[in-house]
Each structure stands twice: as structure tokens, then as C-alpha cells.
Amino acid sequence: MFAYLLKRLIYAIPIALSVTVVSFVLVYLAPGDPLNAIAPADAPEEVIVALKSAYGLDKPVPVQYGLWLMRAVQGDLGTSIASGRAVTAEVLSAVSNTLLLAGMAALGGVLIGCILGALAGYRHGTWIDRVATVISVIGVSIPHYWLGLVLTIVFSIWLPWFPAMGAGPGGSSEWLWDAEHLRHLVLPALTLSVIPMGIITRTVRALVADMLEQEFVTALRARGLSGAAIFRHIAKNTAPTVLAVAGLQIGYLMGGSILVETVFAWPGTGFLLNTAIFQRDIPLLQGTILVLCMFFVVLNLLVDILQPLIDPRMGRS
């Protein structure tokens, strides 16, 4: 087990370095000048030169990457060109909101997906299976932004049950665990949970249906085990695959929430990333992409570590 964990940790190092390269280089491929966010079009040449020197944009790209990487390792992601605030502070504030949104969406999506998938697998070929399959296909097919707009129209305009924008009253970005803030969370979390719910439903359905046809299940039934005991064996054998799929979906929720957060003006990393793109704010863009990518790497590493704990056969292999 120790060798397995060490190997996974070693594999994560070059992946993390590759992520830093991609995070840094990709933003330079986009058109536009980042200094347009703070300097007028008719700014004197000496002002442009001073700004480039202040933000390190006058150095060659490899040198900029080396300096940026050294600062990033120390937790310094630079200063936002548009706002003048520390990128680390802005990203961490947004990450906490995105983690809350993605966590609630993942909890709902994985829980409902597991329940629907297990029911469909146990009732393979029946109307329950067909209904669960239709729900999963619809969940995977519906675009996030379209569903968010529909839910806003229905539950914020026609039926004013839930707020349509912000994380709190008055568009506040500060989160508190009270009823009013939870009402702001319902619609974006529901919108974001639909795709992972559909994917988990289809995955669990296929796994359970396949497990029920295995010889060990027949042997367990022949021994007189109860349905609950057989279900525990099936759940234990399907858990590693479900965990891997769920881990990927949570990572996608963190990085793929940009449209949902924009629709609902949720102050998370997706909304911050969208703002940085339009403002051509390179430090903020690089810092946000880096944090999201590193979260995905760490999440995959945690899944790799948890899988052999659930199924020791994976560690031995």
C-alpha cells in the first residue's frame, strides 16, 4: 500500500508542473493587451513602459514563467491588473463560494444518482429502469445555462420562491448559514447537479445490473443471505468505480461552473474567471486557472488513494 501511495504521489508531481505551464501559457494565446484594463488608449509610451515593468510584462515569457512559478509556490499569485488587489485573496474568496456550490451540487447529484441507478439496476428492464434512464439522459443532455435560465424564470419570476442572483441578500458575496442564504443556493446548486446526477445514474445502473448477473451473487443467494446483505456486497464492489466517476464529476463542477455562476451571479471562481477573461486580467486569469487545475489534480490524487482503501485488490495489483 505504501508503494502504491508513493507512486501516485510521484506521478502527481509532473502533472502539477504541466498544469502550471498550461495555466501560464494559455492566457498569452488570447488576443488583446492586458494593460487596456488600466491604461487609456492614448496613454503616453513612458506610462505603458512603466506599467509593463511594474507587472513584469517587459521580460521574456520563460523568465516571466520562472518568476511567476517561484512566487506561486510561496502562495503569491501576483496583483490583479483591473482591481489592484492581491490575486490570492480574490481567488481564495471565490474558491470558498465555488466549493460550497460544487459540494452541495455534488452531494445532491451523487446521492440522487446512486439511488436512481441502484433502483434501475435492480429493476432492469422494468418501467422503473426506463424512467431512470430517461431522467439520466435528460440530465446529461440539458445545457447548464439553459436549465439555469428556465429555473430562474419559473422559480424566481413566475413563482418567486428563490432569489435569482448573488450568494446572499443584496447581492452579498459573504456566506452565512441561515435560511436566506440557503435560498440563494438552491437554484444554482440544482442546476449544477443535473449533469453529475445523470452520469452517476447511468454508471450505477450498469454496474448493479452487471453485478446481479455475476456468479458470486448467485452463490450468496444460494447460501440464503438476505437482500440487504447481498446489496452490501454489491455496493462494496461497485464503490471504487462510482468513487472514481464521482471524483471526476466534482472536479468538473469546480471548473465547469463558469456558465452557471454567470447566470446566477454567484461570486465563485467561474464568475471570477469570466470577469478576468473579459477584462484581460492576466494575473487573475492565471491564478484562477492554476487553483482550479490544482484542485482537480489533488482531487484525482485523493480518489487514487481512497480507491485501494475501499478495495485492497487495487493496491495489490
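Here are four short exercises on this predicted model, each with a worked solution.

Residues are numbered from 1 along each chain as its sequence is written, and side-chain values use heavy atoms, leaving out hydrogens and water. Local features need pLDDT of at least 70, side-chain atom pairs count only at pLDDT 80 or more, and totals for chains, interfaces and linings use all residues.

**Exercise 1. The overall make-up**

State how many helices and strands the protein chain has, and what share of its residues is buried.

Solution. Start with the elements: helices (H or I, at least four residues) and strands (E, at least two) are DSSP runs, numbered from the N terminus. By that rule the protein chain has 13 helices and zero strands. Next comes burial: buried means under 20% relative accessible area, exposed over 50%, and partly exposed in between (1.4 Å probe, protein chains only). Of the 317 residues in the protein chain, 40% are buried.

**Exercise 2. Two helices and their sides**

For α3 and α5, compare the span with the expected one, then find which residues are buried and which are exposed.

Solution. The expected span of a helix is 1.5 Å times one less than its number of residues.

Step 1, α3: this helix (residues 61-73) has 13 residues and reaches 18 Å from its first C-alpha to its last, close to the expected 18 Å. Its buried residues are Q64, Y65, W68 and A72. They cover an arc (taken from the directions from the helix axis to the C-beta atoms) of only 100°, which puts them on the same side of α3. P62, M70 and V73 are exposed on the other side of α3. Just after α3, G75 has a positive phi of about 90°.

Step 2, α5: the 15 residues of this helix (residues 127-141) should span 21 Å, and its end C-alpha atoms are 21 Å apart, which agrees. D129, A132, S136 and G139 are buried. These buried residues fall within an arc of 95° seen down the axis, so they line one face of α5. W127, R130 and S141 are exposed on the other side of α5.

**Exercise 3. Aromatic pairs**

Describe the ring pairs Y65 with W68 and Y122 with F231, and say where each residue lies.

Solution. A pair of aromatic rings is described by the distance of the centres and the angle of the planes. Rings of Phe, Tyr and Trp (its six-membered ring) pair if their centres lie within 6.5 Å; planes under 30 degrees apart count as stacked, over 60 as edge-to-face and the rest as tilted.

Step 1: the structure holds four aromatic pairs. In one of them, the rings of Y65 and W68 have centres 6.3 Å apart and planes at 40°, so the pair is tilted. Both residues lie in helix α3, three residues apart, about one turn of the helix, and both Y65 and W68 are buried.

Step 2: the rings of Y122 and F231 have centres 6.1 Å apart and planes at 40°, so this pair is tilted. This pair links distant parts of the chain, with Y122 in helix α4 (residues 87-122) and F231 in helix α9 (residues 227-255), 109 residues apart. Y122 counts as partly exposed at 29% relative accessibility, and F231 counts as partly exposed at 40%.

**Exercise 4. An aromatic cluster**

Name the residues that form one aromatic cluster with W161.

Solution. F155, W161 and F162 form one aromatic cluster.
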